[in-house]
Amino acid sequence: MKFLALFSLIAPLASAAVIPDKVVTYDGYRVVRIATHGRGEAIERRLKTLNAVQYNFDTQERIEIAIAPEDLGKFEKMDLEYEVLDEDLGASIAEEGGFSPISASRQIFSSLDDLTSTGFPDSSWFNAYHTFAEHQQWLVDVQTGLPQNSELFEVGRSFEDKPINGIHLWGKGGKDSKPAVLWHGTVHAREWISAMVVEYLTYGLITGYNSNNTQVQKILDSYDFYILPVVNPDGFVYTQTTNRLWRKNRQKHPSNSCVGTDINRNWNFKWDTPGGSSTNPCDETFRGLGAGNTPENTALTKHAEALAANKGIKAYIDWHSFSQLILLPYGYDCNRQVDNYEKQMSLAQGVATAIAGASSAKTRFKPGATCPSLYKAVGGSTDWMQDVGKAEISWCIELRPSGGFGGSGFVLPANQIKPSGEEMWQGMLHLLTTM
Ligand code: 0X9
Ligand code: ZN
């Protein structure tokens, strides 16, 4: 009786207290590539006993995984064939550098209206990674560079009620008068380079238009751009406060304590197809309890539907990292080819050539259809945009580094932001002038 009374006093207190998640430092984590020789699933099961984060889902040939220092001994005893990709992931995260945590004076803003411009940004923005609050401010600031031909918009709110917003740019003929070019960045929280590259391209369009660059003017006169650098704000903030390698959103699920849904498995197109997503809320590719049931996906779908119903979607690009790939649909079926495959492939090859020509480093990007060239992925954005959104071009671009690693996968040094942006600018100039 006494115990019950005490318990009923403590229980509400315990459930009211929000215990913050433990911060993961990744100090001493070793990233390895294990050769699986077709035994991927069995090896994956053994690796699940370790405190580790898996990077890839196509385990036929290899598994790339970051292993916690306390489990390195246990891993060695598994006697697997492997190579070391990163001796100390924590050290790479430190080298990524330049990121300043959200300070009390710069909280997450509830609305864009709360922000006033601090002036048109300079290119030093691209010397470092930034907080979500800074990305929001940057949109406000960059918009002042093209006040008559741009506006900011919000497509909806995240699970934690953060704004999912973007910038709309247009040229001659006024807003919403041309077919849409739609760009999404940072659907996967840990893929930080994607927001920076999307912003580099935005910066190029605005500065190019203003400096009377005829090529850029022609592009903006031909298409309405809808650019959303961070479509998964909750996940993105979580990578900066708690866990650098978080991928999903931060949605809670009834009757399961694991958090998060992969927004790129949640699109309402062939969502039920088995094999290209997970039904387990604890997995990185959890598809959600229903198609389109993430608040982020609901907002993005509604926005894309409106563009499709207006002047149509000319080109959609979902910006991810890493592996340096230009991925065409389909992800859900390895045997189905898009109707305009020749056109999309030849454009993608042109983009890859333009990227390689952008610097003496000759960065290689490989074009191909998602399922045959990467893996089966169901409920992905590009399949939806192709078949439901009726986009003419629908790609997922996996940015730097290459699959061979040039840093540590998702953790790319900040001094690679500008080169990544520049090569992609050359790639996009090709696409936007020839598509
Ligand atoms: O698995 C994914 O969602 C993407 N790769 S990532 O390593 N960035 O997670 C590939 C997505 C392929 N495209 C679609 N399925 N739409
Ligand atoms: Zn991704």
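**Exercise 1. In which helix does Ser-381 lie?**

Let's warm up with a residue in this predicted model.

Step 1. Look up the secondary structure: Ser-381 is part of helix 12, a helix that covers residues 381-387.

Step 2. Check the accessibility. The relative accessible area of Ser-381 is 2%. Buried means under 20%, so Ser-381 is buried.

Step 3. List the partners, skipping residues up to four places away in sequence. Ser-381 then touches Asn-264, Trp-267, Tyr-316 and Asp-318.

**Exercise 2. Describe the place of Glu-398 in the protein, and say why Glu-398 counts as buried.**

Step 1. Start with the annotation. An unreviewed UniProt entry puts the feature "active site" at Glu-398.

Step 2. Locate the residue: Glu-398 sits in strand 12, which runs over residues 393-402.

Step 3. Turn to accessibility. Glu-398 counts as buried because its relative accessibility is 9%, and the cut-off for buried is under 20%.

Step 4. Collect the contacts beyond four places in sequence. Among them are His-320, Ser-321, Phe-322, Ser-323, Gln-324 and Leu-325. Leu-327, Phe-365 and Leu-374 also touch Glu-398.

Step 5. Pick out a polar contact. From the side chain of Glu-398 to the backbone nitrogen of Phe-322 the distance is 3.4 Å.

**Exercise 3. Work out which residues and elements surround ligand 1.**

Step 1. Find the nearest residues. The surroundings of ligand 1 comprise 16 residues, and Arg-247, Arg-265, Tyr-375, Thr-382 and Glu-398 come nearest.

Step 2. Sort the shell by residue class: 4 are nonpolar, 8 are polar and 4 are charged.

Step 3. Map the shell onto secondary structure. At least two shell residues come from each of strand 9 (313-323), helix 12 (381-387) and strand 12.

Step 4. Go through some polar contacts. A polar side-chain atom of Glu-398 is 2.7 Å from a nitrogen atom of ligand 1. For His-320, a polar side-chain atom and a nitrogen atom of the ligand are 3.1 Å apart. An N or O atom in the side chain of His-188 is 3.3 Å from an oxygen atom of ligand 1.

Step 5. Finish with the surface. Ligand 1 exposes 410 Å² when taken alone, and the protein buries 97% of that.

**Exercise 4. Is Cys-371 buried or exposed, and which residues does Cys-371 contact?**

Step 1. Cys-371 belongs to helix 11, residues 370-373.

Step 2. With a relative accessibility of 5%, Cys-371 counts as buried.

Step 3. Leaving out neighbours within four places in sequence, the contacts of Cys-371 are Tyr-330, Gly-331, Asp-333, Cys-334 and Lys-376.

Step 4. Take Gly-331 from that list and compare sequence with space. Cys-371 and Gly-331 are 40 residues apart along the chain, while their C-alpha atoms are 4.5 Å apart.

**Exercise 5. Repeat the analysis for Gln-137 and Glu-96.**

Step 1. Gln-137 is in helix 5 (residues 132-143), and its 8% relative accessibility makes Gln-137 buried.

Step 2. The side chain of Gln-137 reaches the backbone oxygen of Thr-116 at 3.0 Å.

Step 3. Gln-137 and Gly-90 are separated by 47 residues in sequence and by 29 Å between C-alpha atoms.

Step 4. Glu-96 is in helix 4 (residues 89-96) and is buried, at 3% relative accessible area.

Step 5. Beyond four places in sequence, the contacts of Glu-96 include Tyr-129, Trp-192 and Arg-244. Phe-410, Val-411, Leu-412, Pro-413 and Ala-414 are also in contact with Glu-96.

Conventions. Residues numbered from 1 in each chain as written. Chains lettered and ligands numbered in written order. Predicted model: local features only at pLDDT ≥ 70, side-chain atom pairs only at ≥ 80, totals over all residues. Heavy atoms only, no water. UniProt positions renumbered as here; feature names shortened; annotations may be inferred. Helix = DSSP H or I, 4+ residues; strand = E, 2+ residues; numbered from the N terminus. Buried < 20%, exposed > 50% of the residue type's maximum accessible area, 1.4 Å probe, protein only. Contact = heavy atoms within 4.5 Å. Polar contact = N/O pair within 3.5 Å; in protein donor to acceptor, adjacent residues only side chain to side chain. Near = heavy atom within 4 Å. Areas by Shrake-Rupley, 256 points an atom, 1.4 Å probe, with all protein chains shown as cover. Nonpolar A, V, L, I, M, F, W, Y, C, P; charged D, E, K, R; others polar.
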